[in-house]
Amino acid sequence: MNRKLISGFLLSSTLLVVAATVLADTRSFALQAVGGALSEGGDTITVNQDDSVSLSLVSDKALVVHLHGYDLEYALQAGTPLQIDLPSHLIGRFPAEIHHYDGGHGKGVLFYYEVYPK
């Protein structure tokens with residue numbers, strides 16, 4: 001009976017450590033764009049490689065944001081928050097540029113996404 005109790009305790013302890021590690025690596029950001037630029041705060045999102053990254057992005061007008069390096073595009077509708085789970089497997093500094101719906105570039109970089117090695 002003691003073995004079962006000890007095994008259960010060890011399993012529970014291990015699960016708590018794993019859960020704490022996962023939660024510690026989760027990063028959440030909320031950005032608001034007004035007139036094609038961030039309304040407040042810095043222009044750089046900084047995370048570590050393989051972090052879980054959640055970004056809420058809202059704009060006062062419709063636009064497309066292209067995250068270079070990862071080659072991802074996100075279409076934003078005016079006033080509607082967009083929830084994005086950003087990848088973080090590549091290391092580097094990646095610009096997130098505003099594009100027009102026709103594929104052309106807009107006003108330039110909305111923010112930078114920096115991913116550092118673990």
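**Entry 1: the core**

I started with the largest nonpolar core, which holds 24 residues. I looked up which members touch the most others, and found Ile45, Leu55, Val65, Leu86, Leu110, Phe111 and Tyr113. Then I asked which strands feed this core. E1, E3 (44-48), E4, E5 (63-67), E6 (72-76), E7 (82-86), E8 (92-99) and E9 (105-116) each supply at least two of its residues. E9 gives the largest share, four residues. I note that the model is predicted, and I read every value below as computed from that prediction.

**Entry 2: one core residue up close**

I picked Leu86 and listed its contacts, setting aside neighbours within four places in sequence. The list reads Val53, Leu55, Leu67, Tyr74 and Tyr113. Leu55 and Tyr113 also stand among the core members that touch the most others.

**Entry 3: the whole chain**

Next I stepped back to the fold. I counted one helix and nine strands in the protein chain. Along the sequence I read α-β-β-β-β-β-β-β-β-β, with the helix placed ahead of the strands. The chain has 118 residues, and 31% of them are buried. I also checked the contacts with a separation of 6 or more: residues 24 or more positions apart account for 61% of these. For the surface I noted an exposed area of about 7,400 Å². Carbon and sulfur atoms supply 59% of that area.

**Entry 4: the open sheet**

I traced an open sheet of four strands and wrote its order as E2-E1-E4-E7. Its pairing is mixed. Which strands form the edges? They are E2 and E7, and each pairs on one side only.

I then went through the pairings of E1. Strand E1 (residues 26-34) runs parallel to E4 (residues 52-59), and I found eight bridges between them. At one position Thr26 faces Ser52 of E4. With E2 (residues 37-38) the sense is antiparallel, and two bridges make the link. I identified the partners in E2: Val34 bridges to Ala37, and Ala33 stands opposite Leu38.

The E1-E2 hairpin leaves two residues between its strands. Gly35 sits in this hairpin with a positive phi near 65°.

**Entry 5: aromatic rings**

How many aromatic pairs does the structure hold? I found two.

In one, the ring centres of Tyr70 and Phe94 lie 5.0 Å apart and the planes meet at 65°, so I logged the pair as edge-to-face. The pair links distant parts of the chain, 24 residues apart. Tyr70 belongs to the loop between E5 and E6, and Phe94 to strand E8. I checked burial, and both Tyr70 and Phe94 are buried.

The other pair joins Tyr70 to Tyr113. I read 6.1 Å centre to centre and 55° between the planes, a tilted arrangement. This pair also links distant parts of the chain: Tyr113 is in strand E9, 43 residues from Tyr70. Tyr113 is buried, as is Tyr70. Taken together, the ring pairs link Tyr70, Phe94 and Tyr113 into a cluster.

I looked at one charge over a ring as well. The charged end of Arg93 sits over the ring of Tyr112, and I noted 3.7 Å to the ring centre.

**Entry 6: positive phi outside glycine**

I closed with backbone angles. Asp50 is not a glycine, yet its phi is positive at about 70°. I placed Asp50 in the loop between E3 and E4.

Asp71 is another residue other than glycine with a positive phi, near 55°. I located Asp71 in the loop between E5 and E6, the loop that also holds Tyr70. Is Asp71 buried or exposed? Its relative accessibility is 61%, and the cut-off for exposed is over 50%, so I counted Asp71 as exposed. Tyr70, in that loop too, is buried.

Note on methods: Residues numbered from 1 in each chain as written. Predicted model: local features only at pLDDT ≥ 70, side-chain atom pairs only at ≥ 80, totals over all residues. Heavy atoms only, no water. Buried < 20%, exposed > 50% of the residue type's maximum accessible area, 1.4 Å probe, protein only. Contact = heavy atoms within 4.5 Å. Areas by Shrake-Rupley, 256 points an atom, 1.4 Å probe, with all protein chains shown as cover. Pairing = 2+ DSSP bridges. Core = buried A, V, L, I, M, F, W, Y, C linked by side-chain atoms within 4.5 Å. Phe/Tyr/Trp six-rings, centres within 6.5 Å; stacked < 30°, edge-to-face > 60°. Lys NZ or Arg CZ within 6 Å of the ring centre and 35° of its normal.
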